[in-house]
Amino acid sequence: MNCLPMQRKSGVLQTLVIAAIALMLPAQARASTTTKPSTTTAPSETFRPSSVGGNDLTGLSLEDLMNVEVTSVAKEPQKISDAPAAVTVIGQDDIQRSELDSIPELLRLVPGMDVAQINADHWAISSRGFNGLLADDLLVLMDGRSVYTPAFGGVTWNSVNYPLMDLDRIEVIRGPGSTLWGSNAVNGVVNIITKSSKDTQGLLVDTRGGSQQDVGDVRYGGQISDNTYFRVYSQYQYDGNGEQSDGNPAHDEWQGMQSGFRVDRYATSQDTLTVQGDVYEQQLAETTQPFPLMEDTAYYANGGNLLGRWTHTESDRADTSVLAYYDRQVLSDPQPIGYEQDSFDIELQNRFPIEQLQDITWGLGARDHFIHLNSSALVTASPIYTNEFIYNGFVQDQVSIVPNRLQWYVGTKLEYNSLTYFDVQPSTRLLWTPDERNSVWAAFSRSVRISSIYEETHLTLPGYQVGTQGPDAETTESFEIGYKVQPLKPLTMDVTGFYNIYSDLIVPVPNPLSLTEVDYANAADAQSYGGEMSVNWQVNPKWRVGASYSFLQVHAHPIISSPIDLFIPPYEIQYLAGSSPENQFQIHSYLDLLKNLQFNAALYYVDSLPLINGITEGGNYQSVNSYFRLDMNLRWQINPNMTLAVGVQNLLENRHFESGSIDTQSMPSEAPRTFFAEWTMTY
Amino acid sequence: MCKRGRTWRIGAVIALLTVALPCRADAPTREYQVKAAFVYNFTQFVEWPDSAFASKDSPFVVATVGADPFNGALEQAMAAKSVADRTVVVQHFTSLDSLGSCQLLFVPASLESSARALCDKLDGKPVLTVGESDGFLDAGGGIRFFFEDNRIRFEINPDPIAAGGLKVSAKLMKLARIYRK
């Protein structure tokens with residue numbers, strides 16, 4: 001019980017240290033502003049677009065006006081993410097009002113996204129099916145840097161962190177995005193975009209304490225020269241133990257520290273240079289079971305990255321960008337497997353118009369992953385080192401068949417990787433906008449998922465080693481249709497339907513000659529269909545309501561191509577079909593009670609998981625029941641520089657399971673009811 | 001009788017809806033509320049020479065030309081405001097030919113093709129031109145709105161503004177993208 005490297009006490013201590021730093025920093029900041037009176041730009045964070053609500057915005061400063069989000073479909077330069085697709089954008093207003101405390105938790109706001117916390121330090125997150133710790137069809141990028149690890153095919157969510165106040169937005173594409181983003185963007189793409197350092201000037205201290213989590217952020221942004229801005233930040237995070245069914249702690253608490261910087265140089269009116277980097281270190285713990293049962297297994301994660309980007313804008317329809325980064329991830333967790341990964345990436349993208357009617361976007365990229373899988377007492381990996389390299393090129397043409405009314409997108413990604421070789425990922429999309437309030441789109445895409453190193457490498461229990469040929473890539477053909485409508489000015493609705501055909505799905509096939517060996521083979525296929533519907537209604541300037549509902553059906557079948565495939569356990573196939581909820585819905589209410597006081601509430605419903613999908617301490621499977629989750633918070637803007645929020649999460653239940661992920665031996669724990677308070681100050 | 005009554009009611013609802021919908025469409029959009037607020041700010045951070053006005057008591061005239069995209073947002077933003085102690089008047093000119101005296105002129109995207117002719121006409125005059133089409137500054141305009149990350153930003157072309165005898169404050173210049181040919 002006591003062998004955990006960190007205790008609750010140390011979490012509190014860290015929070016106190018941050019609070020102490022927070023109290024010391026303002027004095028320094030004020031001192032520096034007296035010597036440089038010209039840099040009195042108000043930090044943009046103090047502005048809440050929705051709290052202004054009214055029609056006369058002349059009371060706002062220029063800086064605040066520049067931060068008002070305005071969506072203008074006709075005039076906004078078309079970004080690649082604006083292609084007709086099922087897109088959800090989580091903006092700063094959603095981030096603050098939802099009071100969700102981390103990036104994986106924020107994804108709960110996306111219609112149809114299945115966010116299931118397995119235990120305090122593991123999340124299973126996917127869109128449109130196949131969820132689990134090894135959810136491998138969702139590509140996640142942070143400022144263009146892929147955080148999807150090919151080591152096990154998925155995302156180490158506990159390592160995806162950033163001070164939430166400095167996020168600009170999270171753009172989520174539900175459905176395939178592989179023509180632009182490449183392999184593994186089969187069922188969705190999550191783009192986490194941080195603010196320019198130009199928009200994060202000044203000091204920000206954000207401390208949050210609660211019955212489950214403590215988070216402390218300190219950020220300082222300043223100006224290096226007339227057109228060069230910077231920020232530096234540090235974030236401390238503590239996540240407390242989840243609970244076992246009887247309410248006892250599940251021994252899965254963790255803490256982490258992350259620091260980083262970003263520099264933006266607006267070199268000319270057309271050129272922007274960005275350099276940014278982060279480092280993190282985390283100490284975690286988990287209980288593995290059913291065998292061997294190891295309580296309080298301590299492990300660690302650390303890593304860092306350095307990224308540079310140059311963007312040259314010629315016009316609203318023509319630009320060029322070059323992105324290069326280095327990324328390192330280390331995870332000692334044996335669940336699913338420990339790995340060390342060093343990645344190098346360079347990408348070029350260019351956009352140009354042909355006359356008035358066509359816009360071409362094309363790009364080239366190269367990435368190299370050096371991956372070392374940890375062999376442990378449990379598992380032997382062979383080979384230990386893998387160098388996976390990926391070269392890719394893409395081109396997409398946007399043709400204006402009838403200007404402003406009918407747009408046709410057609411393009412393809414061509415990718416070569418050292419594991420599954422050559423892949424073509426084309427897509428075509430048609431967007432019909434009969435008037436300014438209605439748009440209808442339809443799309444076909446082919447996407448692939450590259451087998452992970454975990455699936456390619458032969459893993460055996462001690463004393464058994466056999467080489468094997470790795471599986472091929474999984475391929476998916478997706479048909480999508482969508483309708484967006486604005487029947488009244490304050491009311492928007494979005495409906496999407498999809499039908500996906502998955503081929504050559506990779507499943508574990510036990511070797512009948514050996515109980516200790518598992519191979520991975522392309523031995524299943526699946527079909528899925530479903531839809532997502534969302535409504536946003538600004539009832540009046542003080543009250544916004546949003547709701548969404550999603551539906552999903554997956555059917556999976558084994559492919560018997562050799563006698564050995566007969567040994568595929570039926571639960572592996574059931575698991576493909578039954579790892580995501582069939583029905584989900586959520587309702588949000590964002591209400592301004594007074595000018596400075598907000599009351600926000602959200603209700604989420606997640607269906608039970610069709611398959612027995614949890615593992616109890618005794619080693620029996622148990623089902624994950626449907627659950628309601630109710631979150632509420634009050635936010636009080638004390639003055640332009642200070643906000644206090646108090647709230648509760650999961651109010652309706654003492655605790656509930658969200659996932660029992662069968663693909664991990666890390667023991668699932670239950671998410672308890674949580675109370676918290678958050679204090680945000682800017683200078 | 002009953003059936004006819006229902007038909008009448010359905011007809012009335014449809015008629016109401018068709019009347020109600022266009023009314024709602026005429027409310028100013030968020031984009032132009034923000035742009036109107038920017039225009040107000042421009043009047044506060046730019047200095048006009050006395051020669052820009054006919055007399056000491058002349059009002060400050062903010063004008064649009066062509067189809068007015070503001071739908072009342074400009075009047076709302078300028079209501080009860082003053083520019084350097086002058087009262088503010090909002091005017092809408094229907095076309096280039098009917099252009100009257102003003103200090104700030106908003107040129108909507110719909111007039112993109114005649115932007116150059118208009119800017120040539122105002123060259124050297126103490127009028128701040130504010131536009132929103134891509135080529136507005138190339139055509140000799142003073143300030144141009146553009147979109148960046150779903151937010152409205154502005155770009156300043158210092159030469160024609162200085163040629164008109166106007167002075168742009170350092171604060172405005174600092175927040176703007178500066179246009180270079």
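Visitor: Which residues at the start of chain B have a pLDDT under 50, and how many contacts beyond four places in sequence does the model have for them?

Guide: Where pLDDT is low, the predicted coordinates should not be read in detail. In this predicted model, pLDDT stays under 50 over residues 1-8 of chain B, and the model has zero contacts for them beyond four places in sequence. A further stretch, residues 13-26 of chain B, also has pLDDT below 50, with three contacts in the model beyond near neighbours in sequence.

Visitor: What is the average pLDDT of chain B, and what are the ipTM and pTM of the model?

Guide: Chain B averages a pLDDT of 82, and 85% of its residues score at least 70. The model scores ipTM 0.79 and pTM 0.73.

Visitor: How many residues does each chain bring to the contact?

Guide: The size of an interface is often given as the accessible area lost when the parts come together. Here the account is by residues: chain B provides 26 and chain A provides 25. On the side of chain B that touches chain A, the elements giving two or more residues are helix 2 (30-45), helix 3 (73-78), strand 8 and strand 10 of chain B. Helix 2 of chain B gives the most, with eight residues. By class, this side of chain B has 12 nonpolar, four polar and 10 charged residues.

Visitor: Is helix 2 of chain B largely enclosed or largely open, and what distance does it reach?

Guide: Helix 2 of chain B is largely enclosed by the rest of the structure, because 13 of its 16 residues are buried. From its first C-alpha to its last, helix 2 of chain B reaches 23 Å, close to the 22 Å expected at 1.5 Å a residue.

Visitor: What is the strand order of the open sheet in chain B?

Guide: In a regular strand the side chains alternate between the two faces of the sheet. The open sheet of chain B has eight strands in the order 3-4-2-5-6-7-8-10, with mixed pairing. Strand 3 (82-83) and strand 10 (177-178) of chain B are the edge strands, each pairing on one side only. Within the sheet, strand 7 (residues 143-148) and strand 8 (residues 151-156) of chain B are antiparallel and share six bridges. One bridge partnership links B:Phe147 with B:Ile152 in strand 8 of chain B.

Visitor: Which strands of chain A pair with strand 30 of chain A?

Guide: Strand 29 (residues 583-594) of chain A runs antiparallel to strand 30 (residues 597-606) of chain A, and 10 bridges join them. The two are connected by a hairpin through two residues. In this pair, A:Gln586 lies opposite A:Tyr604 of strand 30. Strand 30 of chain A also pairs with strand 33 (residues 627-639) of chain A, again antiparallel, over 10 bridges. There, A:Ala602 stands opposite A:Asp631 of strand 33.

Visitor: Is A:Phe130 buried or exposed, and is B:Ala84 buried or exposed?

Guide: A:Phe130 has a positive phi of about 60° although it is not a glycine. Its place is the loop between strand 3 (122-127) and strand 4 (138-142) of chain A. With 27 other C-beta atoms within 10 Å, A:Phe130 is buried. B:Ala84, likewise not a glycine, has a positive phi of about 45°. B:Ala84 is in the loop between strand 3 and strand 4 (86-93) of chain B. B:Ala84 is exposed, because 12 other C-beta atoms lie within 10 Å.

Key
Residues are numbered from 1 along each chain as its sequence is written. Chains are lettered from A and ligands numbered from 1 in the order in which they are written. This is a predicted model: local features need pLDDT of at least 70, side-chain atom pairs count only at pLDDT 80 or more; totals for chains, interfaces and linings use all residues. Two strands pair if DSSP finds at least two bridges between them. Helices (H or I, at least four residues) and strands (E, at least two) are DSSP runs, numbered from the N terminus. A residue is buried if 20 or more other C-beta atoms lie within 10 Å of its own, exposed if 12 or fewer, and partly exposed in between; C-beta atoms are placed from the backbone. Two residues are in contact if their C-beta atoms, placed from the backbone, lie within 7 Å. Ala, Val, Leu, Ile, Met, Phe, Trp, Tyr, Cys and Pro count as nonpolar, Asp, Glu, Lys and Arg as charged, and the others, Gly among them, as polar. pLDDT is the predictor's confidence in each residue, from 0 to 100. The expected span of a helix is 1.5 Å times one less than its number of residues.
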